[in-house]
Structure formats: structure tokens, C-alpha cells
Amino acid sequence: MQNRKQLILLFILSAILLFTLNYLLLVSAKWIIGAQHPFRLVWIGAKTLIAIWLVELVVVSQLQVNSFHRKTIELYKRTSELEESALRVQYKALQSQLNPHFLFNSLNTLISEIEYNPPKAVRFTSYLSDVYRYILRFQDHQLISLKSELDFLYAYIYLHKVRLGDYLTIDCQISESCLNDQIPPLTLQLLAENIIKHNVFYADKPITIYITVGPEQEYLIVRNELRPKMDVPASGKGLQNLAMRYRLLCDKDIVIEKNESFFTVKVPLLNHE
């Protein structure tokens, strides 16, 4: 609204300035040829002056509209670049916070396994290597195949199961036709981390992460039973970050559903046939 008012004001000022300059130019021409009344406008001179003025207004208005349109596009591109840059910074900041904490816990677990169960320690080390290789390889990618993301999730959950016990399982019901669909990398890791962080685990009743695909392969659905921890406030920053990534990538929103029994997150599947 403010930009429109400025454009209208600029057009009015330009119109006044052009008419004044044209009039002064006409007066100067009359004065040069020695006209008796250079400041007087006769009908023919007035029509010529107005005709030229109107043509100039059309040209000037077109130039102003083109300039305004170009600046608007540049501003939109700049805004998009700043949003994407801010998102990238937030995303890497999230990883920088997660990685040292996760690595510290994993190394402590590895030390314990080396002492008490060397064969299991070897397997743990292999999965830990897979997890960090995936993070380093795909952290700058915008999209990754669902199959690659699921493979990563299984390795990631295995590390937690060694540390926490068999309190967490994955029930994945996804057909092979969906495995080439794509999602942003570390999407499932973020959702799994939320489940681990905000729920209580029981040895005799593990939490199951249910992973399915919605109708027409539009959404990947991740659902878990709610057993909320009382001392861990839900900030929602991870899901906000994920939602922003999706809006920038494809202008689609994630869907969050919560009832008394389950917490469900639906994330769009991209590039599916």
C-alpha cells in the first residue's frame, strides 16, 4: 500500500514537472523567434503542448511501472535468498547442537561395549560410522531418497537402542514403489529425536515409531504413542524448522496431529510419480 502511494505521488510530480518543462521549452522557442507574446498559449499551441505532454506521460508511466516491477522482483528474490540463508544457518546450528551431544553419548556407550561386549562394540562402531558418513555426505543436499533416509534412521535408532535398551522399535509399512520418493535429509532423524526426547520409555512396553505412506503417496506419516515426560518442555523449534524447509523447497506444509493417545507428523513426499 505504501509503495503504491509512493508510485502515484511520483507519477503526479513527474507529470507536473514534464508539463512545466514543455511549457518553458515552448516559451523559449517563441522568445527565440521573436514572438510578441511568448507566454501566451493559443489553441493550436496548447493542443500541441498537451499532446506532447500526454505522450511523455505514457512513456514515463511505462518506465516507472517497469522500474517498480523490476525492483519488486529483485526484492522478492533477495527476501527468498535471505530466508533460505537464514534457514540454512538454523539447520546447521541445529546439527551443531545435536552432533556433539549425540557423539558424546555414543562414545560413552562405545567405551562400555568395548569393555563388556567387544563384538557388539564393533557393530556399534560400524553403525556410528554410517550415521556420521550420512550426515557429512548429505547435510548440504536439499532432498534425499526415502530409502536412504530410512537406512539412516535404522542405523540411528540402533545406536539409541544399544544405549537405552530395547525400548524403541520401528514399524515401517512402506511399499517399494515409494522408496524413490524424496524428503529433506535428516527429516526422520529429527522426528525420531523428538520422540526420544519427549517420551518416557518402559522396558516391558517399548515405544513404537510407526512409519507409513498416506493415500496417493502424498505424505509420509510418522506416528508414536504419547507418553510425555513432565520435565521436558516442548519448544517446537525442530518442527518449525522442518516446516520452514518444506515451505522453501516446495511451498507445502507439514501436518501435525495430536490427541490423547498419539502424536502424528505428516511430511510431504516430493518428486513422486
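**Close-up views of a predicted model**

**View 1. Surroundings of E225 in strand β5.** E225 is found in strand β5 of this predicted model. With a relative accessibility of 25%, E225 counts as partly exposed, because the partly exposed class lies between the limits of 20% for buried and 50% for exposed. The E225 side chain makes a polar contact with the side chain of R227, at 3.3 Å. Setting aside neighbours within four places in sequence, the residues in contact with E225 are N199, K205, I207, T208, S261 and F262. For one of these, S261, the C-alpha atom is separated from that of E225 by 5.8 Å, although the two residues are 36 residues apart along the chain.

**View 2. Pairing of strands β5, β6 and β7.** Strands β5 and β7 run antiparallel and are joined by 7 bridges. V222 has V265 in β7 as its bridge partner. Strand β6, residues 255–258, also pairs with β7 in the antiparallel sense, over 4 bridges. Here V255 has K266 in β7 as its bridge partner. The connection from β6 to β7 is a hairpin through 3 residues. In a regular strand, side chains alternate between the two faces of the sheet.

**View 3. The two sides of helix α3.** Helix α3 covers residues 118–138, 21 residues in total. At 1.5 Å a residue the helix should span 30 Å, and its end C-alpha atoms are 30 Å apart, so the expected and computed values agree. Which residues of α3 are buried? They are A121, F124, L128, V131, Y132, Y134, I135 and F138. Seen down the axis of α3, these buried residues fall within an arc of 155 degrees, and therefore line one face of the helix. An α-helix has 3.6 residues a turn, so residues three or four places apart point the same way. P119, V122, L136 and R137, on the other side of α3, are exposed.

**View 4. H160 in helix α4.** H160 lies in helix α4, which comprises residues 146–164. Is H160 buried or exposed? Its relative accessible area is 3%, so H160 is buried, the limit for this class being under 20%. The side chain of H160 makes a polar contact with the side chain of Y156, at 3.2 Å.

**View 5. The largest nonpolar core.** This core has 47 residues. Those with the most contacts inside it are V131, I157, I174, I209, I211 and L220. Two or more residues each come from α3, α4, α5 (187–198), β4 (207–213), β5 (219–225), α6 (237–250) and β7 (262–268). The largest share, 10 residues, is given by α4. V131, listed here among the residues with the most contacts in the core, is also one of the buried residues of α3 shown in View 3.

**View 6. The whole chain, for orientation.** The protein chain has 6 helices and 7 strands. Along the sequence they follow the pattern α-α-α-β-α-β-β-α-β-β-α-β-β. Of the 273 residues of the chain, 33% count as buried. Among contacts between residues at least 6 apart in sequence, 73% join residues at least 24 apart.

Conventions
Residues are numbered from 1 along each chain as its sequence is written. This is a predicted model: local features need pLDDT of at least 70, side-chain atom pairs count only at pLDDT 80 or more; totals for chains, interfaces and linings use all residues. Side-chain values use heavy atoms; hydrogens and water are left out. The expected span of a helix is 1.5 Å times one less than its number of residues. Buried means under 20% relative accessible area, exposed over 50%, partly exposed in between (1.4 Å probe, protein chains only). The arc is that of the directions from the helix axis to the C-beta atoms. A polar contact is a pair of N or O atoms within 3.5 Å; within protein, one must be able to donate a hydrogen and the other to accept it, and residues adjacent in sequence count only if both atoms are side-chain atoms. A nonpolar core is a set of buried Ala, Val, Leu, Ile, Met, Phe, Trp, Tyr and Cys residues joined through side-chain atoms within 4.5 Å. Two strands pair if DSSP finds at least two bridges between them. Contact means heavy atoms within 4.5 Å.
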